[in-house]
Amino acid sequence: MHSNCCNPCDPCQDCCPGPMGPQGLPGAAGPAGAQGVPGQQGVPGEQGPAAIIEVGTVSVSTDGSASVVNSGTSTHARFDFLFPSARGLHAFGGRYNNTVGSTDMAEDVPTVVAMPYTQSTKNITYPIANSMTVAEAGAYLLLYSAYPRFNAPATLTFAVRSNGIALPSTQNVVTVTAAAYSVNYVGNTLVDLPAGAVVDIAITSSADQTMSFSNQSLNSLILMKLN
């Protein structure tokens, strides 16, 4: 019997530990942990620069054709007009607004975009606030833009209207998911309008809220009758 069995000074092959064996294989991966709690929504970004609309070239076709072409970009539109007659525009007019303002919106009630300022006109009148009245029936080129900001989430329907009815080619539906959300509503189209048509831009919200405008954007509505 050895009293100092594992003492280095008195080695013993029966009880002293042998050399360290090789490392074992890694165990199987454990189950994935539970998903963490979503972070808070970030602060809405600043309103981007407003789009610009301007008239480019105006020319007369030799074959009776007419067209409108944007020779600019999506943020700086430059519309070039080709008319089928040398007699010029038979009717034109426009409204606009580039001042700071806000309007309270009731749920599901169309709200007309304020445009208190008028432009040069011929055969188009301005008897009703924020709108234009067409004197003669015919085909009209319509240019429109609005850059509102909203203070509550909602579904918003934008449209240029004739006698309170949305013109289908101008209608646009946007879902706002956060407060302080800006929308750029810009376009152009050809429309047939009856004599006496009252034309305006209206926005309908699915929730009560406030719509505001800055003085860094131009809300406008322009009509030109094609001969």
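1. A residue is called buried here when its relative accessible area is under 20%, exposed when it is over 50%, and partly exposed in between (1.4 Å probe, protein chains only). By that criterion F150 is buried, with a relative accessible area of 1%, and F158 is buried as well, at 0%.

2. The model is a predicted one, in which local features need pLDDT of at least 70 and side-chain atom pairs count only at pLDDT 80 or more, while totals for chains, interfaces and linings use all residues. Residues are numbered from 1 along each chain as its sequence is written, and side-chain values use heavy atoms, with hydrogens and water left out.

3. Strand 10 (residues 138-146) has eight of its nine residues buried; strands are DSSP runs (E, at least two residues), numbered from the N terminus. Strand 10 pairs with strand 16 (residues 185-193) in the antiparallel sense over nine bridges, where two strands count as paired if DSSP finds at least two bridges between them. Within this pairing S145 stands opposite V186. Strand 10 also runs antiparallel to strand 19 (residues 219-225), joined to it by six bridges, and there L143 has I222 as its bridge partner.

4. An open sheet of four strands, with antiparallel pairing, follows the order 5-18-11-15. Its edge strands, strand 5 (101-105) and strand 15 (181-182), each pair on one side only. Strand 15 is joined to strand 11 (residues 149-150) by two bridges, and R149 is partnered there by S182.

5. The largest nonpolar core, meaning a set of buried Ala, Val, Leu, Ile, Met, Phe, Trp, Tyr and Cys residues joined through side-chain atoms within 4.5 Å, has 31 residues, and those with the most contacts inside it are F150, V160, L221 and L223. Another core, of six residues, lies apart from it and has A77, F81, L141 and L143 among its members. Leaving aside residues up to four places away in sequence, L223 has contacts (heavy atoms within 4.5 Å) that include F92, I124, M132, Y140 and V199.

6. Four aromatic pairs are found in the whole structure, a pair being rings of Phe, Tyr and Trp (its six-membered ring) with centres within 6.5 Å, stacked if the planes are under 30 degrees apart, edge-to-face if over 60 and tilted for the rest. F150 and F158 are edge-to-face, at 6.4 Å centre to centre and 85° between the planes. F158 and Y185 are tilted, at 5.1 Å and 35°, and this pair links strand 12 to strand 16, 27 residues apart. Together with Y144, the residues F150, F158 and Y185 form one aromatic cluster.
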